[in-house]
Amino acid sequence: MNEINWGDLTLERFLSEFWQQKPILIRGAFEEFKPVIAPDELAGLALEEDVESRLIRYNPSNNDYQLERGPIPEERFGELPEENWTLLVQAVDHYVPEATDLLNLFSFIPRWRIDDLMISYATPGGGVGPHYDNYDVFLIQASGTRRWELGGYENSSSPRLPDAPVMVLSEFESEIEFDLAVGDMLYLPPRLAHNGIATSEDCITYSVGFRAPSESEFLRSISDHIGEQLSAEKRFTDPQRTITNASGQVDQADAESIKARLVELISDEQNFNQWLGELLSEPKYPDMVQAVAEDEFNDWFQEALEVGVEVAPNTRLIYLESDSNRLYCNGEAISVESKEWPLAKSLADYRNLAPDDLDPNRQELLTKLFQLGALL
């Protein structure tokens, strides 16, 4: 099993000095890195309809990029040149159990912040061009070698290559370069410009990406959540209205009344907690979550008593510190009895239960989660 060797760097120091602040290269972070998937199996995933994948070809003679979204036809791989292309497959952890084990190594960050494991396979010269991400990422070299060029911090107003099918910075300037070999790991904070170029055959890089919802997403989401609960009769009122001498003016009292009501709606702690839990537990691919018939539970539970329980890779299972006895699973709130609350927290924290953790007399929580397709 893979383990991270942080060397002299403690997790506390990493979080205080580097996380969301500056990049850091950790040589030999994985002393004997064990790939979670073979290259031909990765290509096989890219053939699948429900797997998010991209094939990017680069022409260095005219700085041109071509993008093909999956599913990638099998014959396409036989047509590709020996250089300057890369295959990227998202959410490999949804399909490969060993990939989930790799993500668990980053559980010092809350699970809701982890997005997925993307894997890229590149031939010499392959890459996606200089760009930046709006989220943190750990880049692990799994096979071959890759050169990483790091620039400055960019934003949405930074010049981009016109008409390119992928976001490529047109004025990228490298300030520092790293050559990564197998087992090396590079951490990049949000919006730091970077460019990865494969420098060997069979260059495979694992990208552990993190979720970072935008403020506009938060605002739109909570607005929709609250709005759905309000009736048309809930309106602005002004029973203490006084005569105005400026009919075109919105006076401060009216503005403050509207503001106070909006703050009151958002400040409803129970409602806020439910919205936040449902939002942060939404699955990456909702269509992959399939409900299971209740009559299948008994057979499943009998097997679980022997082999234990695992949370499905595509399931997001969380709880809020300020919201006791409520678990959130794939966008749904689940009320949990006090006697099962330790079990619920253990499932969310560790994503598995040993047979000894199961009680044949306490099945309500597991029944709900099983029906939601959240358990293996």
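**View 1. Helix H2 lies across four strands, E2, E4, E5 and E11, in this predicted model.** Look for residues 39-46, which make up helix H2. The helix runs at about 70° to strand E4. A second helix, H4 (residues 97-104), packs on the sheet too, where H4 touches E5, E6 and E11. The direction of H4 makes about 120° with that of E5.

**View 2. Eight strands come together in an open sheet.** Follow the strands in the order E1-E9-E6-E11-E5-E4-E2-E3, and you will find antiparallel pairing. Strand E1 (24-26) and strand E3 are the edges, since each pairs on one side only. On average, neighbouring strands are turned by 20° against each other, direction ignored. Here is a handy reminder: strands of a sheet pair through backbone hydrogen bonds.

**View 3. Strands E2 and E3 pair over six bridges.** The pairing of E2 and E3 is antiparallel. For a landmark, find asparagine 59, which stands opposite aspartate 64 in E3.

**View 4. The largest pocket holds about 1100 Å³ of space.** Of its 40 lining residues, Arg54, Gln90, Met118, Asp133 and Tyr135 are the closest to the centre. Several strands each supply at least two lining residues, including E2 (53-59), E3 (64-69) and E5 (114-122). The lining is a mix of 17 nonpolar, 11 polar and 12 charged residues.

**View 5. The second largest pocket has a volume of about 400 Å³.** Which residues lie nearest its centre? They are Pro110, Arg111, Trp112, Ala348 and Asp349, out of 19 that line this pocket. Helix H7 (269-280), strand E13 (317-319) and helix H9 (341-350) each give at least two residues to the lining. By class, you will meet 12 nonpolar, three polar and four charged residues there.

Methods
Residues numbered from 1 in each chain as written. Predicted model: local features only at pLDDT ≥ 70, side-chain atom pairs only at ≥ 80, totals over all residues. Heavy atoms only, no water. 1 Å grid on protein atoms, 1.4 Å probe; cavity = no way out; pocket = protein on both sides within 12 Å on 5 of 7 lines; lining within 4 Å. Points joined across faces, edges and corners; volume = space filled by probe spheres on them. Nonpolar A, V, L, I, M, F, W, Y, C, P; charged D, E, K, R; others polar. Pairing = 2+ DSSP bridges. Axes fitted to C-alpha atoms, helices over the stretch in contact; angles between N-to-C directions. Contact = heavy atoms within 4.5 Å.
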